[in-house]
Amino acid sequence: MTQRENGDSDGWVRELPHVLVIDLASTLLISLGVTLLHHGFWLNAAVTLVVIAALTTGFLYSLRHLPDTVRGRTTRALRRSGPGVMWAMTGAGAMGLILLVAIGVHRLHASTRPCGQPLELRVLTTPETLTPLRAAAAEFVNDGASGGCRRYGVSVVPETGPVPLYDGFGRLWRRSASTDARQADDERLFGPQPDIWIPSSTAEYAFVPKSPEPAGAAAEGGAFGSRGGGAGAPGRGDPYFRPRGSLGSSPLVLALFAKANQAVANPVAAPVQPSTAALLRRVHDAGVRLKGIARPVPETSAAALAVTPALYGARPGGDESDERFVSPASLVSPDAASLLCRFRKEASQGAEPPDGFAVAVPEQALHDYDVGRPLGDDRRCGAVDPNDRSIAAWRLYPYYSRDLPTLDYPFVQVRWRGQDTPARNAAVTAFRRWLDRVPLTSQGFRDASGVRASADEGDSEHVTLSRLSGLVGEHALPYSVSPVPPEGVQETLDRVAAARPRVSASLMLDVSDSMGAAARVRGGARLARGASFLQSLVAQLQVGDRVGSQVSSSAASPAGEAFGNVPPDAASPEQKNLIIGRLQAVASAGADRPLIDAIAAADLGSGRQDLVLVTDGQVPATNPDLAGRARWLAGEFRGRHPGLRLTVVLTGPAGCGASPVREIVSALGPGGARCVPLTAAPEEEQAAEILAGLR
Amino acid sequence: MSARTAMACSAGGAAAVLAVTLAVLLVPGHRYPAMKADCDRRELVIAGGTDVSLKNQRRALVRQWNEIPYPDGRPHPHATLVEVSDSADLQHSQIKAVAESGSCAYDVLIMDNTWTAQFADGGYLRPLKGIRDLGDFFPAALRTGRRNGEQYAVPFNVDVGLLYYQDGVVPPSTWTGLLDSGAALQLADYEGLTVNALEAVWNDGGDGLLSGDRRPSREELRTEVYPALERLGARARGPLAPSRQERELESIEAFAFGNRLMRNWPYAFPALASEPRMRDGTRLRFGVTAPRAHTVLGGQNLAVARRSPNPDAATDLVGFLTETRGQQLLFSCGGFAPARSSALGLSPGRGAPGDVKVQPCSALTGQDLGRGEADTLGQAELTRLGQAFVTALGRARPRPVTAHYGTFTGTFRGCVQKIFDGAGTGAGAFAEAVDRSLDGRTASC
């Protein structure tokens with residue numbers, strides 16, 4: 001080493017203390033910046049110091065290897081400016097230190113005070129994804145807490161299906177919009193207005209009416225994704241949607257109970273069949289005779305709607321017979337969570353699984369069912385031990401085919417005029433980003449390309465599909481399922497409507513004074529429960545159906561101008577809205593009108609006709625000469641309306657065995673009348689069951 | 001380098017950092033194109049839960065407001081009751097989200113009385129001025145609408161715990177006697193669990209703790225509240241085990257189908273009276289009384305939203321909904337216990353339970369009942385219910401008053417469930433978790 005080289009070497013060593021002062025000050029400043037924006041000062045400081053010290057030391061050391069001229073110039077420049085920079089950085093570092101101390105004191109003080117209010121986020125999703133979304137939301141809330149103070153509160157609520165959603169988004173989230181000159185005294189919402197909507201598929205999202213984007217958003221260069229159609233958009237132009245990508249995927253599967261699975265399972269068979277038709281052939285060839293496939297009601301379950309075309313195409317014959325095959329009367333449910341919940345309840349009662357039925361549900365819902373997680377919003381379907389003997393006996397085994405669609409769960413931000421604030425937008429963004437970091441593959445979903453996630457060892461907090469494969473067998477669960485997008489919602493709804501017998505329903509609601517008394521189930525007044533049930537039924541009707549409504553009491557004649565009377569017409573959105581709105585507004589008044597008189601006054605057409613009569617029953621004194629009137633009902637009335645079927649829906653307290661309902665049902669005969677008591681089950685579910693019976 | 005130059009460099013560096021910091025803190029970031037609402041409207045909007053009053057009396061009251069003009073002949077601005085949901089949690093979620101957004105969507109809010117502190121502290125409510133005859137409200141109920149010396153809300157209906165007993169059953173004279181009898185309580189995992197657990201604490205060594213503004217120390221939580229809950233837990237694993245699956249409606253069902261005793265709110269009375277098996281002609285087969293114990297003071301309040309475009313009319317509407325006449329209708333026809341003493345025929349100096357005077361629904365409305373029909377509750381039954389209510393109200397206590405009631409009740413319920421399960425929750429962990437939750441901090445036992 002030459003003397004000159006030694007001198008230069010000494011030079012950089014002499015500069016080292018200056019540089020280290022600058023490093024220290026830089027560290028303080030960077031840490032201040034990071035602390036202002038993020039938090040965690042000391043870790044940031046340590047990492048920053050190490051990185052900067054390494055970089056500058058490396059830089060100075062590298063000077064030795066530069067050409068002499070460059071090295072000399074650099075050294076001279078450093079010597080000239082070094083002290084000034086060092087003092088400036090010292091001052092800056094000192095100020096940084098003061099500010100950091102001030103921030104620390106402020107935070108220490110804040111940690112002893114009560115928390116501020118967390119911002120409330122409202123999330124809407126399908127019933128079957130409630131459990132994973134609630135688990136994810138709870139984790140997000142806890143992860144975002146600072147010093148134990150939550151920044152967000154998240155409520156996750158179930159949607160009621162594509163058809164009611166279409167109406168809800170078109171009516172500012174109201175169940176009905178006033179179509180009368182008279183303003184409504186009362187409106188019902190579908191629940192909280194969602195800030196985030198996670199439909200089951202992009203097809204479901206595409207189905208709902210959308211408004212053109214707001215002017216402010218347009219200036220943002222089209223940041224708001226949806227401007228779809230505008231057709232059917234409400235006049236007030238609310239809400240606005242912004243899709244923000246898929247949260248994962250889940251294929252629809254056909255599932256079999258253990259007995260059928262034993263016959264069909266084949267470890268060497270391909271886990272994904274080429275088609276649903278091939279899958280059903282395989283089931284048949286294994287000696288399993290399917291009586292039907294339990295598919296939830298399409299109007300209230302987007303997943304059921306999505307799977308319907310594949311099921312229609314899997315069997316020979318027309319859509320009509322296929323529809324009957326996928327709507328077994330004993331297994332009607334409004335959504336997959338309700339269907340699986342029903343199985344779990346029967347399992348806990350020690351019943352045997354139904355023989356000869358397959359089940360069409362999303363894989364993710366099947367996962368939650370099999371691993372014992374809570375199902376939907378029914379508190380009677382909480383977590384269970386999947387290895388409990390009675391529960392395990394009802395385990396479902398999934399089967400896949402290439403034409404069964406995949407649900408892609410888009411994350412859609414929903415903006416409501418007046419509730420749209422920067423803070424709310426930031427909260428929605430924070431949740432979306434968090435779901436990128438902790439994807440729903442940790443909650444039983446697949447990733448967007450249909451690939452299963454593997455379980456992290458030691459992670460007991462999350463449940464991946466690996467847990468399901470541990471229960472149903474590794475070979476039963478394909479590693480990857482190529483996503484197949486579902487067909488359009490409206491197209492499928494039209495196809496379902498064409499495949500079904502049309503319903504011509506005349507609804508009659510008893511509005512006598514006694515209907516103002518307490519309902520036996522679910523609380524509130526009988527009238528409110530009865531009206532709510534009928535509203536759910538109307539919401540599930542299709543355009544091909546016909547519907548009208550009447551009210552009955554001594555003060556409200558079914559044949560008169562009573563407010564609740566709406567003449568029968570095609571079940572268009574306008575007709576449904578009108579009836580739902582009128583049912584919402586009816587009040588109890590007047591004494592009972594004898595039930596047979598009310599039936600006689602029903603607005604019935606010719607041909608096949610259904611009369612749905614909701615009442616709390618009547619005292620015998622209201623129905624004098626009941627035997628004679630019942631004979632008239634069985635004779636003259638039946639002769640006038642041979643195609644009439646009567647469904648008496650009781651709110652309680654009277655039961656189906658009480659007079660006069662018993663005599664009326666008996667007079668019209670077993671195929672002509674039935675009596676159904678309202679239960680504590682969700683009204684959508686009961687309406688779906690009764691509607692299925694009508695079809 | 002001279003000392004002056006060095007000083008100048010230092011000062012410059014410090015000033016630059018200070019300027020940048022202030023800029024980061026004070027300069028607003030990206031401007032978000034929020035969609036503003038049109039607040040230019042005259043109609044009134046009332047937000048609340050589903051109307052579960054009998055005969056839909058709440059809706060009927062709103063209808064009356066719309067039909068009846070002001071005394072000077074001006075029409076009332078039209079009001080619409082917006083029913084959000086059956087669930088109190090979802091009502092809270094919607095109303096809070098709307099309020100914290102600064103929205104003008106709602107004028108009048110129907111709130112559980114535990115929300116007052118949160119909504120007042122959050123600036124979502126407008127102080128209520130101009131409600132007539134505040135002294136006529138039951139004082140304890142009126143206090144639930146007060147925060148930091150300001151009246152933000154007035155009670156719409158009041159709840160207290162009542163004791164229901166079957167014919168021939170003598171109600172126990174002590175709370176522990178009630179618990180040991182296997183009465184139907186509400187111990188499922190919802191707000192009713194908090195209510196029932198607090199009542200157990202207050203009547204079993206923890207009198208006054210976790211009630212109102214007074215905040216218990218961790219020592220009190222550890223040595224008085226926790227042991228009371230452990231004793232309740234032992235009973236929840238014994239005679240009260242069926243109640244762990246029960247909410248209010250399941251309790252009513254259990255009582256109607258044979259349970260000898262039940263703790264429940266006043267609205268259970270008309271619900272039971274509507275049940276044929278609970279009647280023998282016009283005579284009821286059950287009785288109601290005030291427990292000789294402290295019960296929770298529940299109920300719902302009315303408040304005017306801070307951003308209401310029509311605050312004066314909204315205040316008028318609150319006044320109308322809480323007038324004596326409306327309160328009488330809510331009680332006799334709707335099954336809700338009233339907030340005004342005059343609705344029960346009480347007045348200053350005549351406020352004892354024995355002074356209760358009420359009329360049945362048909363007498364209030366002048367409605368003719370049909371042949372064979374009668375009011376669900378006649379004058380005698382309503383009087384008995386009113387007397388039990390007034391007696392229980394004198395002993396009722398509010399739940400903890402905190403702006404973080406939601407965090408408190410969630411944490412408390414989680415801890416109580418673990419105590420019931422015998423999951424090994426320690427007194428110290430319980431005290432720390434509950435104490436933190438009162439400040440809104442997340443915690444679990």
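**Domains, chain contacts and local geometry in a two-chain model**

Let me begin with chain A, where the domain assignment gives domain 1 (3–111), domain 2 (121–248 + 411–443), domain 3 (250–408) and domain 4 (501–694). Please keep in mind throughout that this is a predicted model, and that every value I quote has been computed from it.

Staying with chain A, I would like to look at how domain 2 and domain 3 meet. Their centres, taken over C-alpha atoms, are separated by 29 Å, and the contact between them involves 19 residues of domain 2 of chain A and 23 residues of domain 3 of chain A. On the side of domain 2 of chain A that touches domain 3 of chain A, the elements giving two or more residues are helix H4 (130–143), helix H5 (162–170) and helix H6 (202–207) of chain A. Sorted by class, that side of domain 2 of chain A has 8 nonpolar, 9 polar and 2 charged residues.

Now to chain B, which is divided into domain 1 (44–159 + 299–365 + 372–379) and domain 2 (162–296 + 404–438). Here 27 Å separate the two domain centres, again taken over C-alpha atoms, and 13 residues of domain 1 of chain B are in contact with 9 residues of domain 2 of chain B. If we take the side of domain 1 of chain B that touches domain 2 of chain B, its residues divide into 7 nonpolar, 5 polar and 1 charged.

How do the chains themselves meet? In total, 72 residues of chain A are in contact with 73 residues of chain B. The side of chain A that touches chain B draws at least two residues from each of several elements, namely helix H1 (3–37), helix H3 (68–111), strand E1 (119–125), strand E2 (152–158), strand E3 (186–188), helix H7 (215–218), helix H15 (422–437) and helix H18 (526–539) of chain A. Which of these elements gives the most to that side of chain A? It is H3(A), with 12 residues. By class, the residues on the side of chain A that touches chain B come out as 34 nonpolar, 23 polar and 15 charged.

There is also strand pairing between the chains: E3(A) is joined by 3 bridges to strand E2 (residues 79–83) of chain B, and the two run parallel. To give one residue pair for anyone following in the viewer, Glu187(A) has Val82(B) as its bridge partner in E2(B).

Within chain B there is an open sheet of 3 strands, with the order E9-E8-E12 and antiparallel pairing. Strand E9 (261–264) and strand E12 (286–289) of chain B stand at the edges with a single partner strand each, so one side of each is left without a neighbour in the sheet. From one strand to the next, the twist averages 25°. Strand E8 (residues 162–166) of chain B pairs with E9(B) over 4 bridges in the antiparallel sense, and in that pairing Tyr164(B) has Met262(B) as its bridge partner in E9(B). Helix H9 (residues 248–256) of chain B packs on this sheet, touching E8 and E9 of chain B, with a direction that makes about 160° with that of E9(B). Helix H14 (residues 379–393) of chain B also packs on the sheet, touching E8 and E12 of chain B, and its direction makes about 30° with that of E12(B).

Let me turn to a helix pair in the same chain. Helix H8 (residues 218–236) and helix H16 (residues 427–438) of chain B pack with their axes 8 Å apart and at an angle of about 120°, which makes H8(B) oblique to H16(B). The crossing of H8(B) and H16(B) is right-handed. On one side of the contact are Arg218(B), Leu221(B), Arg222(B) and Tyr226(B) in H8(B), and these meet residues of H16(B), including Phe430(B), Glu432(B) and Asp435(B). By class, this contact has 6 nonpolar, 1 polar and 4 charged residues.

Finally, some backbone details in chain A. Gly652(A) and Pro653(A) are joined by a cis peptide bond with omega of about 10°, and the peptide bond from Ser659(A) to Pro660(A) is also cis, with omega near 5°. Pro653(A) is in the loop between strand E17 (644–650) and helix H22 (661–668) of chain A, and Pro660(A) likewise lies in the loop between E17 and H22 of chain A. Tyr409(A), although not a glycine, has a positive phi of about 45°, and its place is in the loop between strand E11 (406–407) and strand E12 (410–415) of chain A.

Note on methods. Residues are numbered from 1 along each chain as its sequence is written. Chains are lettered from A and ligands numbered from 1 in the order in which they are written. This is a predicted model: local features need pLDDT of at least 70, side-chain atom pairs count only at pLDDT 80 or more; totals for chains, interfaces and linings use all residues. Two residues are in contact if their C-beta atoms, placed from the backbone, lie within 7 Å. Ala, Val, Leu, Ile, Met, Phe, Trp, Tyr, Cys and Pro count as nonpolar, Asp, Glu, Lys and Arg as charged, and the others, Gly among them, as polar. Two strands pair if DSSP finds at least two bridges between them. Axes are lines fitted to C-alpha atoms, for helices over the stretch in contact, and angles run from 0 to 180 degrees between N-to-C directions. Angles under 35 degrees count as roughly parallel, over 145 as roughly antiparallel, 65 to 115 as roughly perpendicular and the rest as oblique. A crossing is left-handed if the near helix is turned anticlockwise from the far one by less than a right angle, and right-handed if clockwise. Domain bounds come from an automatic or database domain assignment.
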